[in-house]
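Please walk through the fold of this model, beginning with the way its helix and strands are arranged and ending with a single cysteine.

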Amino acid sequence: MKFKGKVAIWFWLIIIAVNAVCIYELLFDPDNVLLLFGSLALSDIIFIPIVVRNYVVIEEENLKLFFGFGKDSMRIADIVEVKGSYCPIASSAASLDRLFIKGKRQEMVIAVKDKAAFVAELKMRNPGIRVCGVPGVHV
C-alpha cells in the first residue's frame, strides 16, 4: 500500500524563492551567468526530486520510505512506537507535521498526507505498535 508524502507550503515557498532569486539575478546581473545557472540547477536537482519522489510503501513485512534520491526501510515487526512530531530536526520529511517511527534498532521520521490510514495499516500488520500523539488518530 502506497502513501503519498506530505509537502508543506513553506517547502514549496523555499523552492519558488530560490528559483525566483536566481532567475531575477540572471535577468538583471548577467555578469554571473555561470554561477547563477549552477545555483539554479543545483537547487532544483536537490529540491525537485524531494517533491516528486516522496512516498511511503507498506509491504507485507516492510515499511519503505522513498524521499528524493534516498530510500530507507524498516521491518514492520520491529516497529515499537509511532508518535506525532513537529520537531524540525533534519529528516526525510518536507513538512513539520511528521510521524516519528521507533523501531527496535532504528528510527524514521516521515510526513504522510493520510496519517490515520497509514497508522491503521501499520497497526493491522503489527497490533503491538504503540501510537501516541498522532492528531486525528484514536487507538
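In this predicted model, helix H3, which covers residues 115–125, lies across strand E5 (79–85) and also across E6, E7 and E8. Relative to E6, the helix runs at about 15°.

The strands that H3 crosses belong to an open sheet of four strands, and reading across that sheet gives the order E7-E6-E5-E8, with mixed pairing. At its edges are strand E7 (107–110) and strand E8 (130–132), each of which pairs on one side only. On average, and with direction ignored, neighbouring strands of this sheet are turned by 15° against each other.

In general, the strands of a sheet pair through backbone hydrogen bonds, and they may do so in either a parallel or an antiparallel manner. Strand E6, made up of residues 98–103, runs antiparallel to E7, and four bridges join the two. Within this pair of strands, Phe100 stands opposite Val109 in E7.

From the sheet one can turn to the loop between E5 and E6, where Cys87 lies. Is this cysteine, Cys87, buried or exposed? Neither term applies, because its relative accessible area is 34%, and a residue counts as buried only under 20% and as exposed only over 50%; Cys87 is therefore described as partly exposed. If its neighbours within four places in sequence are left aside, Cys87 is in contact with Leu96 and Arg98. Between the C-alpha atoms of Cys87 and Phe100, which are 13 residues apart along the chain, the separation is 9.5 Å.

Methods:
Residues numbered from 1 in each chain as written. Predicted model: local features only at pLDDT ≥ 70, side-chain atom pairs only at ≥ 80, totals over all residues. Heavy atoms only, no water. Pairing = 2+ DSSP bridges. Axes fitted to C-alpha atoms, helices over the stretch in contact; angles between N-to-C directions. Contact = heavy atoms within 4.5 Å. Buried < 20%, exposed > 50% of the residue type's maximum accessible area, 1.4 Å probe, protein only.
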